[in-house]
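Subject: the structure you asked about

Hi,

Here is the structure for you to open and turn around on your screen. Have a look at it first, then read on.

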Amino acid sequence: METTDTKTHLLDVAERLFAEQGIDATSLRRITSQADVNLAAVHYHFGSKEGLIQAIFARRLDPLNADRLRRLNASETAAGDTPPPVEELVEAFIAPALKRLRKRESKHFMKLMGRIYSDPSEMHEVIHARFLEVGRRFIAAFGRALPHLPHEELVSRFKFLVGAMVMVLVDPFPRENAPPTLDETHYDLITKETPLNHFVTFLSAGMRAPCSVPASPKTWDEGVPS
C-alpha cells in the first residue's frame, strides 16, 4: 500500500471505529488490526493516538471552516460599511456544512460528532479548538447585524443555530427507527433534502427575534467567548 493510501486508510478506519465504539474505548492496536497495518505506521504518520484524532478532525473540519470564513469575508466585503444581512451570515455558516458533511463518505464522522456532542468527555475540547476562530468571527458579525441583542442572548441564539444544524447533519433517526409521527416524506425533508433556503429562513427568524433584555454597551468585536 502506498504511503498516502496508508495514511488515508488509517484515517478512514479510525474514524469508523471511533464513531462506533468511542474514542476512549478504541485502542491503537484495534485500529491497526482493522486497518491491517503495524503500529509503527500510526507513529510514522501521526505520532500518537492524539495526533491521529487531530488529523481526523482536521481532514473534515479545516476545509469546512475555511469555506465558512471565505463566505463571511466575501459578504462583509460586499456589504461595505453596513453589516451583511442576517440571512447571508446564516447561509455562510451552515451551507458549507450541509454541502460537505451530508456526503456519504462523511457518515462515520457525523456519527462521531453526534457522540462527542452527547458526551462532552469524548474530546469535546478538540471540537472547541477547531471552531474557536470561526465562532468568534461569526458571533461578532451577528452582533453587528443585530445590535439590539445583548451579548449573552446572541451567544445563546448562535448555540441554538449550531444545535439545529447538527441535528439535521447527525440524523438521529435511522429510517427503520424513525418516530411514528414522521412519515417517509417528512423524514426525507428533515434529514436528507431540507432545502437550504428553508433552513436559512427558519434560523434567521430565530436570530432576528425581538429581545426584552437591554443590549450590552460592549462592542461586538470585544468579549466574544473563547
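Below is what I found, starting with the whole chain and then going into a few places.

**The whole chain**

Keep in mind that this is a predicted model. The protein chain is built from 10 helices and has zero strands, so its pattern along the sequence reads α-α-α-α-α-α-α-α-α-α. It has 226 residues, and 42% of them count as buried. If you look at contacts in the chain with a separation of 6 or more, 76% come from residues 24 or more positions apart. The accessible surface is about 11,900 Å², and carbon and sulfur atoms hold 54% of that.

**Helices H2 and H3**

Try finding helix H2, which covers residues 28–35. Which of its residues are buried? Leu28, Ile31, Thr32 and Ala35 are. These four span an arc of only 95° around the axis, which means they sit on the same side of H2. On the face turned away from that buried side you'll find Arg29 and Ser33, both exposed. Just after H2 comes Asp36, with a positive phi of about 60°.

Helix H3, residues 39–46, can be read in the same way: Ala41, Val42, His45 and Phe46 are buried there. Why do they end up on the same side of H3? Because they cover an arc of only 100° around the axis. Gly47 follows H3, and its phi is positive too, near 90°.

Now zoom in on Leu39, which lies in H3. Is it buried or exposed? Neither: Leu39 counts as partly exposed because its relative accessibility is 26%, and the buried class is kept for values under 20%. Leaving aside residues up to four places away in sequence, Leu39 touches Leu28, Arg29 and Thr32. Two of these, Leu28 and Thr32, are among the buried residues of H2, while Arg29 is on the face turned away from them. The C-alpha atoms of Leu39 and Arg29 are 6.8 Å apart, and the two residues are 10 residues apart along the chain.

**The largest pocket**

Next, the largest pocket, which holds about 620 Å³ of space. It is lined by 28 residues, and those closest to its centre are His128, Phe131, Phe158, Lys159 and Val162. Several helices share the lining: H4 (49–79), H5 (86–101), H6 (107–118), H7 and H8 (151–170) each supply at least two residues. Which helix gives the most? That is H7, with nine residues.

**Arg144 in H7**

While you're at H7, which runs over residues 124–145, pick out Arg144. At 34% relative accessibility, this residue counts as partly exposed. What does its side chain make a polar contact with? The partner is the side chain of Glu76, at 3.1 Å. Glu76 falls within the range of helix H4 (49–79). Arg144 also has its C-alpha atom 6.1 Å from that of Pro83, although the two are 61 residues apart along the chain.

Have fun exploring!

Key. Residues are numbered from 1 along each chain as its sequence is written. This is a predicted model: local features need pLDDT of at least 70, side-chain atom pairs count only at pLDDT 80 or more; totals for chains, interfaces and linings use all residues. Side-chain values use heavy atoms; hydrogens and water are left out. Buried means under 20% relative accessible area, exposed over 50%, partly exposed in between (1.4 Å probe, protein chains only). Contact means heavy atoms within 4.5 Å. Accessible areas come from the Shrake-Rupley method with a 1.4 Å probe; for residues, only the protein chains shown count as cover. A polar contact is a pair of N or O atoms within 3.5 Å; within protein, one must be able to donate a hydrogen and the other to accept it, and residues adjacent in sequence count only if both atoms are side-chain atoms. The arc is that of the directions from the helix axis to the C-beta atoms. On a 1 Å grid over the protein atoms alone, a cavity is a set of points where a 1.4 Å probe fits but cannot get out, and a pocket is an open set with protein on both sides within 12 Å along at least five of seven lines; lining residues have an atom within 4 Å of a point. Grid points are joined across faces, edges and corners, and a volume is the space filled by probe spheres set on the points.
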